[in-house]
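Here is a friendly walk through one model, for readers who like to keep the 3D view open while they read. Please load the structure and follow along.

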Amino acid sequence: MSELQRGGTATDELAPPAGGLNGALLSVRNLQTHFFSREGVVKAVDGVSFDVKPGEILGIAGESGCGKSVTSQSILRILPRNGKIVGGEILFQNEDQTIDLATEDADGRVLRDIRGKDIAMIFQEPMTAFSPVHTVGDQIIETIRIHQEVSKEEAHDQAVEMLRRVGMPNPARNIDEYTFNLSGGMRQRAMVALSLSCRPKLLIADEPTTAVDVTIQAQMLELLRDIQADLGMAIIMITHDLGVIAELTDRVMIMYLGKEVEHGTVEDVFHRPQHPYTRGLLASIPKMEPGRVEIEPIEGVVPNPYALPTGCKFHTRCPDFIAGVCEKHDPPLTEVAKGHEVSCFLYGGRDRLE
Amino acid sequence: MTTTTRAENMNERTIISVRNLVKHFPIETGFLRRQVGVVKAVDNVNFDLNEGETLALVGESGCGKTTTSHCIIQAQRPTAGRVLFRIGDADPMDLTQMEKGELKEARRNIRMIYQDPYSSLNPRMTLLQIIGEPLVIHRIVKDQDDLQERVAELLRLVRLDPSTMNRYPHAFSGGQRQRIAIARALSLSPKVVIADEAVSALDVSVQAQILNLLKELQNQLGLTYLFVAHNLAVVKYEADRVAVMYAGKIVEIGETEALYTNPRHPYTEALISAAPNPDPDTKHRERIVLSGEVADPGNLPGGCAFHPRCRYAEDRCRQETPELIDVGGSETQSHQAACHFADSLELTGIAGPILREEGGSA
């Protein structure tokens with residue numbers, strides 16, 4: 001196959017504007033992102049599809065190595081050097097134009113325009129989003145002026161306004177501070193202000209609350225909820241913490257070893273989990289409920305990414321493993337209820353095998 | 001071995017008694033390292049660790065929970081206070097007064113497990129060397145065969161395959177490495193294990209395995225745990241009693257279920273409220289979101305250190321530091337809180353599962 005040709009090199013063909021995305025802002029279709037190293041190929045994302053509608057909050061959850069972060073890095077084309085998109089489409093609806101981010105030049109004009117302006121990202125560690133030798137304000141103003149034609153004074157005012165919106169205690173003063181002078185929680189807020197400074201249509205949040213204390217996490221979640229209601233952008237929330245997903249998102253996609261295992265509204269997925277992996281994950285989390293609530297771990301360990309199991313990737317740890325089926329075939333996505341999809345042979349798909 | 005001269009009235013069931021523990025770090029500046037202040041990392045902490053129980057120390061970063069555990073094993077020498085440790089019926093010894101050589105016996109009985117099994121295991125040593133090292137240092141094994149036999153037994157204890165003992169840590173996943181760290185900690189048959197954020201770096205499915213393994217080992221070997229953690233749900237599952245720390249002090253301590261369902265300190269209430277629960281019905285619940293951040297232990301506010309973030313704070317809280325006092329609890333299990341208004345405040349703990357039929361806005 002022409003696997004390597006779709007990598008980081010310039011392909012000048014513009015994606016055909018195939019008449020909108022059915023109202024979606026972003027449509028990821030059969031995305032495959034692989035990593036190439038001396039030890040072999042890691043299929044970090046292996047055929048993932050999902051849509052994000054304007055103004056909705058989608059959660060992507062899973063444990064380390066499931067490909068949730070690689071999915072977000074693929075969208076913004078900020079993959080590490082040895083990571084390549086080898087298949088699929090990442091269609092982004094920008095005004096009346098549909099752009100396939102997967103085939104654009106990662107360093108080209110189109111992506112540089114979109115990054116930071118239409119799609120912004122916040123990270124786990126705010127210090128990595130900022131330069132330590134420039135003030136917070138200078139960095140926000142720079143971002144605004146790259147994407148908008150405004151004067152320095154206007155950009156300054158916009159930056160102060162954004163710092164006020166994210167709840168900085170004294171925006172007029174905070175704007176001239178360096179990040180090392182800010183406390184952890186304030187840095188997080190400054191990073192949100194930076195990412196929202198151009199009013200993006202989509203915000204990708206990659207584990208933004210993982211490194212902070214629980215009281216600061218609560219502040220962050222409240223902030224994201226308020227800002228989303230205020231500015232109306234869509235959010236993709238990437239986290240391993242199902243508590244955060246339940247708290248913040250409308251829909252959730254659960255991933256395991258580069259595959260989508262279950263997808264639906266948070267109510268469907270948390271109250272009526274279908275895939276044995278989703279059920280196992282939910283059963284293994286200690287609950288904040290009165291009385292003794294036992295937890296049940298998922299047996300075994302996540303397989304080595306260089307030697308993935310055949311068939312369903314979860315079959316080696318699955319309590320409902322069907323011999324002769326699960327280790328031989330990839331389970332297709334089956335709709336168990338409207339908008340609730342599961343990739344597991346327990347819910348059908350066997351008739352679709354050859 | 002040094003025993004304390006004075007008769008210490010330690011509770012019968014108590015194995016470690018921490019008394020008025022204080023650890024201050026100087027803040028130094030400039031070329032002459034002039035001392036300009038002090039970080040009160042641990043500020044007069046008292047608690048008893050009872051035999052066979054799991055006591056959790058919870059709190060946010062900088063609250064002093066890890067420093068407290070380090071002061072217990074004398075990895076850091078406390079500024080003041082005593083750490084009494086008793087083995088069996090022997091007289092209690094005060095670890096803070098003991099020289100390095102004398103501590104060997106105590107340290108054999110108090111072992112630690114750390115958060116990150118990627119940095120706590122030497123990558124150049126095999127499992128046999130890692131787990132066997134304490135056995136060799138303490139001259140417990142006779143020869144190489146004896147060593148291998150004991151290491152194999154320890155690996156079986158933590159559900160790892162003994163045939164892997166000649167492999168290096170890199171061949172194992174995070175959860176397996178934590179099992180190796182546990183096997184090493186248990187190699188000297190300790191009485192007490194201090195687990196410092198031992199499951200924080202693990203994925204949830206693996207975290208559950210380690211939590212259950214720790215419980216099984218406790219039942220099997222009669223271990224006593226000091227469980228240092230920040231995740232309240234994990235602590236609820238694992239601990240019999242909980243001590244909540246804030247800015248170097250214990251602000252509340254009590255039996256787990258009582259503390260979670262009926263918290264008596266506003267900080268405990270806020271922590272419980274802030275912990276995200278994997279149930280979408282609870283997302284409409286009104287949460288207490290504390291403003292501001294954890295107090296800087298190098299520059300503590302006067303009075304109650306929590307008052308700048310406390311929604312119930314009054315003038316008295318800004319001036320007087322509250323003592324840890326009894327707020328009820330049963331005869332065997334006391335419940336204490338350090339809040340001037342512990343008796344009058346009506347605080348909310350964890351609620352029952354929200355009934356879905358009611359639309360979930362409880």
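For the helix angles that follow, axes are lines fitted to C-alpha atoms over the stretch in contact, and angles run from 0 to 180 degrees between N-to-C directions. Please keep in mind that this is a predicted model.

**A helix pair in chain A**

Let us begin with two helices of chain A. Helix α4 (residues 136-147) of chain A packs against helix α5 (residues 152-165) of chain A at an angle of about 120°, and their axes lie 9 Å apart. The crossing of α4(A) and α5(A) is right-handed. On the α4(A) side, the contact is made by A:Gly137, A:Ile140, A:Ile141, A:Ile144 and A:Arg145. Facing them in α5(A) are A:Lys152, A:Ala155, A:His156, A:Gln158, A:Ala159 and A:Met162. Sorted by class, the contact of α4(A) with α5(A) has 6 nonpolar, 3 polar and 2 charged residues.

For wider context, the unreviewed UniProt entry carries the annotation "domain: ABC transporter" for residues 28-282 of chain A. Over residues 28-282, chain A is 39% helix and 28% strand, with the end C-alpha atoms 26 Å apart.

**Where the chains meet**

How many residues does the contact take from chain B and from chain A? Chain B gives 37 residues and chain A gives 38 residues. Four helices of chain B, α5 (174-186), α6 (204-221), α7 (232-238) and α9 (266-274), each supply at least two residues of the side that touches chain A. Of the elements on that side, α6(B) gives the most, with 6 residues.

The two contacts can be set out by class:

| Contact | Nonpolar | Polar | Charged |
|---|---|---|---|
| α4(A) with α5(A) | 6 residues | 3 residues | 2 residues |
| Side of chain B that touches chain A | 19 residues | 11 residues | 7 residues |

**A sheet in chain B**

Chain B holds an open sheet of 8 strands with mixed pairing, in the order β6-β7-β8-β3-β9-β10-β12-β11. Its edge strands, β6 (110-113) and β11 (325-329) of chain B, each pair on one side only. On average, neighbouring strands of this sheet are turned by 20° against each other, direction ignored.

Within the sheet, strand β3 (residues 54-58) of chain B and strand β8 (residues 224-229) of chain B run parallel and are joined by 5 bridges. B:Thr54 has B:Tyr225 in β8(B) as its bridge partner. Finally, α5(B) lies across β6 and β7 (192-196) of chain B, running at about 170° to β6(B). That helix, α5 (174-186) of chain B, also supplies at least two residues of the side of chain B that touches chain A.

Key. Residues are numbered from 1 along each chain as its sequence is written. Chains are lettered from A and ligands numbered from 1 in the order in which they are written. This is a predicted model: local features need pLDDT of at least 70, side-chain atom pairs count only at pLDDT 80 or more; totals for chains, interfaces and linings use all residues. UniProt positions are given in the numbering used here, feature names are shortened, and annotations may be inferred rather than shown by experiment. A crossing is left-handed if the near helix is turned anticlockwise from the far one by less than a right angle, and right-handed if clockwise. Two residues are in contact if their C-beta atoms, placed from the backbone, lie within 7 Å. Ala, Val, Leu, Ile, Met, Phe, Trp, Tyr, Cys and Pro count as nonpolar, Asp, Glu, Lys and Arg as charged, and the others, Gly among them, as polar. Two strands pair if DSSP finds at least two bridges between them.
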